[in-house]
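Okay, everyone, thanks for making time. Let me put the sequence and the model up on the screen, and then I'll walk you through the bits I liked.

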Amino acid sequence: MPETQNIEYKSSWRDEFLREICGFANAQGGTLYIGKDDNGNIVSLKNTKKLLEDLPNKITAILGIVADVNLRETEQGDYIEIVVEPQPNPVNYKGEYHYRSGSTKFAVDR
């Protein structure tokens with residue numbers, strides 16, 4: 001399945017991907033998959049236990065929201081699914097407001 005307005009794939013985690021979560025939160029919500037390539041193929045993660053511990057705390061501490069962080073285990077490998085609900089109030093990432101439109105995210109001035 002290709003990336004869409006509500007789906008984003010990343011092969012590994014970097015903290016800058018909190019911007020993607022922020023963009024989902026300020027739009028219609030969405031799901032960020034960590035451990036999948038741009039086509040949605042599983043590339044597997046090796047540090048899933050640490051990510052499962054760290055990600056919920058980072059999302060809450062930096063963005064001020066709660067997102068579901070789930071481990072998905074398959075025969076092809078493990079990946080993490082981060083489900084973000086749309087938020088009633090604007091969410092910012094380090095003072096920047098991001099918004100998801102189509103399959104891209106962009107910063108907006110408030």
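Before anything else, the burial cut-offs: buried means under 20% relative accessible area, exposed means over 50%, and partly exposed is in between, with a 1.4 Å probe and protein chains only. By that rule Asn89 counts as exposed, because its relative accessibility is 56%.

Now the ground rules. This is a predicted model, so local features need pLDDT of at least 70 and side-chain atom pairs count only at pLDDT 80 or more, while totals for chains, interfaces and linings use all residues. Residues are numbered from 1 along each chain as its sequence is written, and side-chain values use heavy atoms, with hydrogens and water left out.

Helices and strands here are DSSP runs (H or I, at least four residues, for helices; E, at least two, for strands), numbered from the N terminus. Back to Asn89, then: you'll find Asn89 in the loop between E4 and E5. Asn89 is 64 residues from Ala25 in sequence, yet their C-alphas are 9.0 Å apart in space.

Ala25 brings us to helix H1, residues 18-25. How many of its residues are buried? The count is 7 of 8, so H1 is mostly covered. Ala25 is one of the buried ones, along with Leu18, Glu20, Ile21, Cys22, Gly23 and Phe24.

Next, helix H2, residues 48-63. H2 has 16 residues and spans 21 Å from first C-alpha to last, close to the 22 Å expected; that expectation is 1.5 Å times one less than the number of residues. There is a kink of about 30° at Asp54, shortly before the proline Pro56. The bend, for those who care, is the angle between axes fitted to the seven residues ending at a position and the seven starting there.

What is buried in H2? Thr48, Leu51, Leu55, Ile59 and Leu63. Those buried residues pack against H1, E3, E4 and strand E5 (92-93), with contact meaning heavy atoms within 4.5 Å. Just after H2, Gly64 takes a positive phi of about 75°.

On to charges. A salt bridge here is a side-chain nitrogen of Lys or Arg within 4 Å of a carboxyl oxygen of Asp or Glu, and the structure holds 8 of them. Two sit along H2. Lys49 meets Glu53 at 3.2 Å, N to O, and these two lie 4 residues apart, about one turn of the helix. Lys49 is exposed at 60% relative accessibility, whereas Glu53 is partly exposed at 45%.

The other pair is Lys50 and Asp54, whose closest N and O atoms are 2.7 Å apart. Lys50 and Asp54 are also 4 residues apart in H2, so about one helical turn separates them. Asp54, which we just met at the kink, is partly exposed, with a relative accessible area of 23%.

Then there's a network: salt bridges that share partners join Glu8, Lys10, Glu20 and Arg100. Within that group, Lys10 and Glu8 meet at 3.1 Å, N to O. Are those two buried or exposed? Both count as buried, because Lys10 has a relative accessible area of 18% and Glu8 has 6%.

Let me switch to the sheet side. Strands E3 (residues 68-74) and E4 (residues 77-84) pair in the antiparallel sense over 7 bridges; pairing needs at least two bridges found by DSSP. A hairpin of 2 residues joins E3 to E4. If you want a register marker, Asn70 stands opposite Glu81 in E4.

Rings next. Aromatic pairs are Phe, Tyr or Trp rings (six-membered ring for Trp) with centres within 6.5 Å; planes under 30 degrees apart are stacked, over 60 edge-to-face, and the rest tilted. The search of the whole structure finds 3 such pairs. One of them, Trp13 with Phe17, is edge-to-face, at 5.9 Å centre to centre and 80° between the planes. Trp13 and Phe17 are both buried. Ring pairs also link Tyr9, Tyr33 and Tyr79 into a cluster.

Last item, for the backbone people: Lys94 has a positive phi of about 55° although it is not a glycine. Lys94 sits in the loop between E5 and strand E6 (96-101), and Lys94 counts as exposed because its relative accessible area is 65%.

That's my tour, thanks.
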